[in-house]
Amino acid sequence: MSVDMQETSQTCPQCGAVIRGDDRFTVWCADCDWNVDPAGPQERPRRLERMRRALARRHGERLLAEVASGGVLRARRDASALVAAVIALAVHGVTVALAVSGIWCIVHGWGGWLMLPGLLLMLLTWPLRPRLPRLPDNVPVLYRADAPALFALVDEVAEVAGTRGVDAVVADDTVNAGVLTYGLRGRRMLILGLPLWEILTPQQRVALLGHELGHYGNGDVRHHLVLESAYASLTTWWHYFAPDEDPSSLMEFLINLLLFFPRSLVTCVLLPLDLLTLRSAQRAEYLADRVAARAGSTEAAAGLLDRLLVADSAYGVLLREANRAALTGLRGSRTTEGHADELWERLAAHMASVPESEYERQRRAGALRGHSVDATHPPTHLRRAGLLARAPEPAAVVTGDERERHIAVELAGARRLTGQRIIRDGPSYRA
């Protein structure tokens, strides 16, 4: 399946240069950057998120400067990580204190007025409890017996990363990937977004696996359960106390005023945790990118980051296909299986037709906007620059056509189910 380019030509209204491009994408001027980022950020994040993203960008720039000047990044845990762990334990201590107080009020006030505050404290404590990630039950999960070729590739990449492989592969419908430790025994899951997997070349897939597995050996303290769960608790508190940013009545204004102190208290704990762990998290991303380059090659790792820059375009294709299915009555139809295969073909064809000018526009827009996956990641254009600042590395793991065919067969069932889910429910956004 091919996609026809829609060529366009016009004069730049800012500098007068002739602009030639593809009308399916934003028309912009490479000479003066006119219209390079017409939309800007899609939504203005809350103040706390803006502060965290600003910190991420600042640390990312500093680490890139270290790399560019010949500095060596190493995985390490320092005094900042120790202080962060102490703060995280204190956060959990508050949760335990609330739970104990709630139980005491219920036991000693049984049948009396103390039961009410006890129940309220228990209700507050429940969403703040530390929770271990679990395998999802609503998407395909593959084990070694289900996908021996895929797991063999993961193991080979894990050896390059200096770690072990994973125990399960979760196939979901996002343009993303990730790793998590689940269960009391510390097993590992690889979350593989099939829309991302489908638009990558074989070597970019190896680079993706290298990046994700690289997180297990690069000193990222935020991947530890104590800190990760403390962040979850603090984020829950923040949502409890989040203000109405546009109060329309006196009552809403008074509620905002009442919540100011507890909200400020949570912020005063969350921001130091960010300051103490952000450099470690940023360093971990750069180190994971290096593992990606060692495993799949520098060229493949840089190509992977380019694909992430245009992930919104892939999401748009999936959304259009889901909407088309809704309009034509395919949702809920037994014919969705064939249309699921067609969805993947349309996605691959569209991504193959994305012109280089669109990648360059996204790189420049990212430099202006500070594009990153989230507040813990360095901006994507800085990560790409960090890769290209080093001597190019060849691929340590090379996949052949035969292995690719075996992996495709093993993923066929998950691919079909995921395609049907996208057609039925629409894609999930996590780019």
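**Entry 1. Sheet**

I took two strands as paired if DSSP finds at least two bridges between them. On that basis I looked up the sheet in this predicted model. I found an open sheet of 4 strands in the order S3-S4-S6-S5, with mixed pairing. Strand S3 (141-142) and strand S5 (177-182) are the edge strands, each pairing on one side only.

**Entry 2. Neighbours of S6**

I then followed strand S6 (residues 187-193) to its partners. Strand S4 (residues 168-172) runs parallel to S6, and 5 bridges join the two. Within this pairing I noted Ala 168 opposite Met 189 in S6. Towards S5, S6 runs antiparallel, with 6 bridges between the two strands. Here I recorded Val 179, whose bridge partner in S6 is Leu 190, and Tyr 182, which stands opposite Arg 187 in S6.

I also checked the connection between S5 and S6. The two strands form a hairpin with 4 residues between them. In the turn, Gly 183 has a positive phi of about 75°.

**Entry 3. Burial of S6**

Is S6 largely enclosed or not, and why? I find that 6 of its 7 residues are buried, so S6 is largely enclosed by the rest of the structure. For this entry I counted a residue as buried under 20% relative accessible area.

**Entry 4. Aromatic rings**

I searched for aromatic pairs, and the count came to 1. The pair is formed by Trp 237 and Phe 241, with 5.5 Å centre to centre and 20° between the planes. Because planes under 30 degrees apart count as stacked, I entered this pair as stacked. Trp 237 and Phe 241 both lie in helix H7 (residues 225-241); since they are 4 residues apart there, about one helical turn separates them. Both residues are buried.

**Entry 5. A charge over a ring**

Which ring does the charged end of Arg 188 sit over? I identified the ring of Tyr 216, with the charged end of Arg 188 lying 3.7 Å from the ring centre.

**Entry 6. Confidence**

Finally, I looked up the confidence of the prediction. The mean pLDDT of the protein is 84, and 85% of its residues reach 70 or more. I then compared the elements of the protein by mean pLDDT. Helix H4 (residues 148-161) has the highest value, 97. Helix H1 (residues 47-68) has the lowest, 69.

How values were computed. Residues numbered from 1 in each chain as written. Predicted model: local features only at pLDDT ≥ 70, side-chain atom pairs only at ≥ 80, totals over all residues. Heavy atoms only, no water. Phe/Tyr/Trp six-rings, centres within 6.5 Å; stacked < 30°, edge-to-face > 60°. Buried < 20%, exposed > 50% of the residue type's maximum accessible area, 1.4 Å probe, protein only. Lys NZ or Arg CZ within 6 Å of the ring centre and 35° of its normal. pLDDT = per-residue confidence, 0-100.
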